[in-house]
Amino acid sequence: MPILPRTVALWLMRLGLIAAVGVHIHAAYGLTILNHNARSVKYQSPRDYQVANFASRTMRWTGVIVVLFLFWHLADLTWGWWNGTGNDGVFVRGDVYGNVVRSFERVPVATLYIVANIALGFHLFHGTWSLFQSMGWNNPRFNKWRRYLAVGIATIVVVGNVSFPIAVLAGIVGE
Ligand code: HEM
């Protein structure tokens, strides 16, 4: 506004995001099939992982957690399905600040946001790291920086996102 009517810019961004989610899920599904075809019989002995770390081995779990969180999150703060069930919570369309405060004042909801965003952090860490691998940008000269970048991006997102529920629970942000 006022360059474009409000809903036009909003829906352009939403369509971009929906397309990105679709492409991402398609790529993850394709990778799962490739992985399965490469070795359809499970390893029979316990693994002693040399390269795969916790984040890379849990990509499917953290991915599923983030998708489930996304639906919860839309229902909570965009559609306003759950806010009415809070202590004195009421969902008011357009009152973004108030909706966030009323939602995060409920400890189980704030906890869910914190856990989901930590899962997102692990997912982003490995995603950023393996992006370089997929693009073939792998060189001992800068692999150290690649790791720093993955840690940096994941940390900024997790610390930033988790600061919201913590600020509300700590009473720093309130109505
Ligand atoms: C604690 C961290 C987060 C907070 C405080 C937060 C806050 C919000 C709020 C207040 C809205 C509603 C905005 C409005 O009504 O105008 C919203 C919408 C949304 N959030 Fe979050 N969010 C967080 C994390 C995330 C994460 C991790 C994702 C993605 C995985 C995400 C994806 C979205 C999407 C897709 C929408 C809908 C936007 C639309 O209207 O099209 N959010 N968020």
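**Figure 1. Order of the secondary structure along the protein chain.** From the N terminus onward the protein chain reads α-α-α-α-α-α, a total of six helices and zero strands, where helices (H or I, at least four residues) and strands (E, at least two) are DSSP runs numbered from the N terminus. The model is predicted, and local features therefore need pLDDT of at least 70, side-chain atom pairs count only at pLDDT 80 or more, and totals for chains, interfaces and linings use all residues. Residue numbers start from 1 along each chain as its sequence is written.

**Figure 2. Overall dimensions and domains of the protein chain.** Taken along the principal axes, the box filled by the C-alpha atoms of the protein chain is roughly 55 × 40 × 35 Å. The radius of gyration of the protein chain is 20 Å, whereas a compact globule of 175 residues would have a value near 16 Å; the radius is taken over C-alpha atoms, and the globule rule is 2.2 Å times the number of residues to the power 0.38. An automatic or database domain assignment divides the protein chain into domain 1 (1-46) and domain 2 (52-169), whose C-alpha centres lie 16 Å apart.

**Figure 3. Burial and contacts, with a close-up of helix 4.** Of the 175 residues of the protein chain, 15% count as buried, a term that requires 20 or more other C-beta atoms within 10 Å of the residue's own, while exposed means 12 or fewer and partly exposed lies in between, with C-beta atoms placed from the backbone. In helix 4, the buried residues are Asn99, Arg102, Ser103 and Phe104, and the buried residues of this helix pack against helix 3, helix 5 and helix 6. Contacts are pairs of residues whose C-beta atoms, placed from the backbone, lie within 7 Å; among contacts in the protein chain with a separation of 6 or more, 58% join residues 24 or more positions apart.

**Figure 4. The shell around the ligand.** The ligand is surrounded by 16 residues, of which the closest are Arg14, Leu77, Tyr113, Asn161 and Phe164; a residue is near a molecule if its C-beta atom, placed from the backbone, lies within 6 Å of it. At least two shell residues come from each of helix 1 (6-38), helix 3 (59-77), helix 4 (96-104), helix 5 (107-135) and helix 6 (143-169), with helix 3 supplying the largest share, five residues. By class, the shell comprises 11 nonpolar, four polar and one charged residues, where Ala, Val, Leu, Ile, Met, Phe, Trp, Tyr, Cys and Pro count as nonpolar, Asp, Glu, Lys and Arg as charged, and the others, Gly among them, as polar.

**Figure 5. Helix 5 and the residue that follows.** The end C-alpha atoms of helix 5 are 42 Å apart, which agrees with the 42 Å that its 29 residues should span at 1.5 Å a residue, the expected span being 1.5 Å times one less than the number of residues. Gly136 follows helix 5 and has a positive phi, near 80°.

**Figure 6. Exposed positions in helix 1 and in the loop between helix 1 and helix 2.** Asn35, in helix 1, counts as exposed because it has 11 C-beta neighbours inside 10 Å, and its C-alpha atom is separated by 44 Å from that of Tyr97, 62 residues apart along the chain. Arg47 lies in the loop between helix 1 and helix 2 and is exposed, with 8 other C-beta atoms within 10 Å; Arg47 and Pro5 are 42 residues apart in sequence and 56 Å apart in space, C-alpha to C-alpha. Ala52 is placed in the loop between helix 1 and helix 2 (54-57).

Key: Two residues are in contact if their C-beta atoms, placed from the backbone, lie within 7 Å.
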